[in-house]
Amino acid sequence: MGEEDVHISLEVAHADVNLSSQTDIEEVGIDGETGDYFENEQDARFLVWEVEGVNYLMSTRREIGKEALISTAESFQ
């Protein structure tokens, strides 16, 4: 939870993330890796990527844009 009650959720799993129900998936670059970005009908934003067999799913329901999510993902060590 950040300033102005902005909330970002992060899920980390050793399992595939199924995006088959999403229609408007945009491929994005995340620190040299490929990821997927999409928004749902409730204006939630999602960023999904994999590093060394570990899958990450970051989401937010506030006005955090795609670039901010990618920047946050790139800040992970």
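**Exercise 1. Place Ile 64 in the fold and state whether Ile 64 is buried or exposed.**

Solution. Ile 64 sits in the loop between strand E5 (54-60) and helix H1 (66-74). Helices (H or I, at least four residues) and strands (E, at least two) are DSSP runs, numbered from the N terminus. The model is predicted: local features need pLDDT of at least 70, side-chain atom pairs count only at pLDDT 80 or more, and totals for chains, interfaces and linings use all residues. Residues are numbered from 1 along each chain as its sequence is written, and side-chain values use heavy atoms, with hydrogens and water left out.

Next, take the accessibility. Ile 64 has 11% relative accessibility. Buried means under 20% relative accessible area, exposed over 50%, partly exposed in between (1.4 Å probe, protein chains only). Ile 64 therefore counts as buried.

**Exercise 2. List what Ile 64 touches, leaving out residues up to four places away in sequence.**

Solution. Contact means heavy atoms within 4.5 Å. The partners are Val 6, Ile 8, Arg 45 and Leu 69. Now take Arg 45. Arg 45 and Ile 64 are 19 residues apart along the chain. Their C-alpha atoms are separated by 7.8 Å.

**Exercise 3. Trace the strand pairing from E2 through E3 to E4.**

Solution. Two strands pair if DSSP finds at least two bridges between them. Start with E2 (residues 26-30) and E3 (residues 33-39). They pair in the antiparallel sense over 5 bridges. Ile 30 has Glu 33 in E3 as its bridge partner. This hairpin has 2 residues between the strands, and Asp 31 takes a positive phi near 50°.

Move on to E4 (residues 45-51). E3 and E4 are also antiparallel, over 5 bridges. Glu 39 stands opposite Arg 45 in E4. Here the hairpin has 5 residues between the strands. Asp 43 in the turn has a positive phi of about 65°.

**Exercise 4. Find the aromatic pairs and classify their geometry.**

Solution. There are 2 aromatic pairs. Rings of Phe, Tyr and Trp (its six-membered ring) pair if their centres lie within 6.5 Å; planes under 30 degrees apart count as stacked, over 60 as edge-to-face and the rest as tilted.

- Phe 38 and Phe 46: centres 4.9 Å apart, planes at 15°, so stacked. Both residues are buried.
- Trp 49 and Tyr 56: centres 5.1 Å apart, planes at 15°, so stacked. Trp 49 is buried, at 5% relative accessible area.

**Exercise 5. Give the order of elements and the buried share.**

Solution. From the N terminus, the order is β-β-β-β-β-α. That is 1 helix and 5 strands. Of the 77 residues, 30% are buried.
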